[in-house]
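Here is a short tour of this structure, written with the bench in mind. Have the 3D view open as you read, and follow along one region at a time.

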Amino acid sequence: MQTTELPDAGGHFGQHGGVFVAETLVSALQTLRDEYLRARSDATFMAEFRHELKHFVGRPSPIFHAKRWSEHLGGAQIYLKREDLNHTGAHKINNTVGQALLARRMGKRRVIAETGAGQHGVASATVAARFGMECVVYMGAEDIARQSPNVYRMKLLGATVKAVHSGSKTLKDALNEAMRDWVTNVESTFYILGTAAGPHPYPMLVRDFQAIIGEECLWQMPELAGRQPDVVVACVGGGSNAIGIFYPYLQHESVRLIGVEAGGEGVLSGRHAAPLTANAPTGILHGFRSYLMQDADGQVLATHSVSAGLDYPGVGPEHAWLKDTGRAEYVAIDDDEALRAFHDLCRYEGIIPALESSHALAQAAKMAPGMDRDVILLVNLSGRGDKDINTVAAISGITL
Amino acid sequence: MGRIEQTFRQLRAQGKKALIPYVTAGDPAPQLTVDILHALVEAGANLLELGVPFSDPMADGAAIQRASERALAAGVTLRQVLHMVTEFRTKDKVTPVILMGYLNPVERMGYAAFARSAQQAGVDGVLLVDYPPEEHHRHLFADHGLDNIFLLSPTTTAERMRLIAKQASGFVYYVSLKGVTGSHTLNPAEVAERIAQIRTICDLPVGVGFGIRDAETAVAIARFADAVVIGSRIVEEMESAPRDEVLTRIRDWVRDVRHALDQDINLEKEQA
């Protein structure tokens, strides 16, 4: 696992990040930071993390050359980092394994989590079962309706799923409610935050646990394609899968990094979840500063995306920093484009991608035709789409 | 000397404890807020906490979440909240007003612009829940005559208390329990112990809030605190009252708490 200078001691990535929480949580976050820094340099802890990733998660995940789809698009070669093949079907498990090991190290027997699409909820419920911990997952009522298979999965795994009816009834409200639970039960409870956002140290530790994705690519790409990719593409909601694949590539300056936000009904429509692409101003939500979709009075705006996992008004602070420095580029893909890529990957490659990942696929599909055939695009296929089949069927006018 | 310091000095001289009610600006209706503030003062409030509504009130329980939603549905903005304070000040030049809320509306307005506008409106103190001392623009606020009110909690270490004590002014606000506003599990004996510790570190008056829901608890807390803050319960009283009875309902409720606090002080004096 790598370390760089960022974040600074206060958790800042340039002007972003930091710790903006109620006083009751400050000491819990400081304890978590100290414990994580100790764990990160503890060979036994890291060996156990690697062992779990290999034997429980099934890592390394392969990289697959999507030849037929690339041929069909008629340009650059698209390679897929198959995080969808992980246990529980998405990259989320990398982080929950790491955080569950930390929780155990800190003697916490109860874990809580927020979830949007349900992937992080399932991954949290899974590790809670694996390590014998009580698990409560907060999920927006609207997301419960559109992700029912994942809700049942969490229940099968022994977790309690609590519906959140406040606000927009989606991911941001689930996060509010998880924070309220944490502030109430701070001594007994470990909060497994699902994305590279939230107060310090979460953006740092989630990035570090997810960096395994990019670290594997660094040795897999030369093996499979003879060299590193020209472009790495990943979808960005909070941004954990993207930072996981970007981070080890940051120092490889010839590799372009492209984060793909949810364009919803189009960035110009205002009905989207793309704060970076829409040039949203900075704001403070959920314990950190970053670019945030908000009105002129600083009230957080409701977001819109076909994909529950990208339906978030903010973005992890390191992505905001990477945008400021220009090291990564951020674009938006709207619902229709993502759905087209979803169907294309099913038909051309026999892979059903998550709607979140379909945004990254759609960006690759947009770029590939205009590029030479020897250009390599590496897409982080962050999750599988079985959870989305009801949504896609409904959009296609089909009743299952 | 600011209005907050002056108020606490006067109360101490009179042997009284401060009663600080909280209401969310714009709840239940924006046109009622200024009248509500006057009614609270009339009923015996010494300082006023005026909540700035926010879309994501993470530290608040259900009652204040609903109050925030009602205010936002009525279109209340930070600028309007400041106008309400300006209007309140035309008739009341002595009662301190503390704005309480979350950081983002201030971040959006701009820190300097906010500090200027708040001072002009007649705001005395600012308590932003998610704005800890490490990130705080305290000098900017202090330069505009705004007291920086900080929270202390059951999980605050002695080391942090010293840091906060250095940066705080006006008074410090002890969050009496681990949880959100409006919870039910306050334990006066535990609170007493913590306040004794705070007093060894910090010279400012100590207010206690989160979990004070009736006169009995307010009295128990006021025996060792300088101020009691009551929020969720007042919001619930307003919520359950018909619109035309809101003012009488909170006036009566706050007056009862005031009487209970003053009576207890008198009892203690007699016993002494």
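## The open sheet of chain B

In this predicted model, nine strands of chain B build an open sheet, with parallel pairing and the order β5-β4-β3-β2-β1-β9-β8-β7-β6. Which strands stand at the edges? They are β5 (147-148) and β6 (150-152) of chain B; each has a single partner strand, so one side of each has no neighbour in the sheet.

Take a look at the β6(B) edge. Its link to strand β7 (residues 172-175) of chain B consists of three bridges, and the two strands run parallel. Here you will find L151(B) opposite Y173(B) of β7(B). Helix α1 (residues 3-14) of chain B packs on the sheet, where it touches β1 (18-24), β3 (97-101), β4 (125-128), β5 and β9 (227-230) of chain B. The direction of α1(B) makes about 140 degrees with that of β1(B).

## Two helices side by side in chain B

Two packed helices are described by the angle between their axes and the distance between the axes. For helix α4 (residues 78-91) of chain B and helix α6 (residues 111-121) of chain B, the axes come within 8 Å and cross at roughly 25 degrees. Angles under 35 degrees count as roughly parallel, and α4(B) and α6(B) are therefore roughly parallel to each other.

If you would like to pick out the contact on screen, α4(B) contributes L78(B), L82(B), V85(B), T86(B) and R89(B), while α6(B) brings in F114(B), S117(B), A118(B) and A121(B). Sorted by class, this contact has six nonpolar, two polar and one charged residues.

## A buried asparagine in chain A

Now over to chain A, where N94(A) sits in helix α4 (residues 92-105). Is N94(A) buried or exposed? Its relative accessibility is 0%, so N94(A) counts as buried.

Which residues does N94(A) touch, leaving aside neighbours within four places in sequence? The contacts are F49(A), L53(A), V57(A), R59(A), E83(A), N86(A), F209(A), Q210(A), I212(A) and I213(A).

## Cysteines

How many disulfides does the structure hold? Over all chains, there are zero. C346(A), for example, is in no disulfide: the nearest cysteine sulfur belongs to C235(A) and is 16 Å away.

The accessibility of two cysteines in chain A is worth a look too. With a relative accessible area of 23%, C346(A) is partly exposed. C135(A), at 3% relative accessibility, counts as buried, because buried means under 20% relative accessible area.

Conventions: Residues numbered from 1 in each chain as written. Chains lettered and ligands numbered in written order. Predicted model: local features only at pLDDT ≥ 70, side-chain atom pairs only at ≥ 80, totals over all residues. Heavy atoms only, no water. Axes fitted to C-alpha atoms, helices over the stretch in contact; angles between N-to-C directions. Helix = DSSP H or I, 4+ residues; strand = E, 2+ residues; numbered from the N terminus. Parallel < 35°, antiparallel > 145°, perpendicular 65-115°, else oblique. Contact = heavy atoms within 4.5 Å. Nonpolar A, V, L, I, M, F, W, Y, C, P; charged D, E, K, R; others polar. Pairing = 2+ DSSP bridges. Buried < 20%, exposed > 50% of the residue type's maximum accessible area, 1.4 Å probe, protein only. Disulfide = S-S within 2.5 Å.
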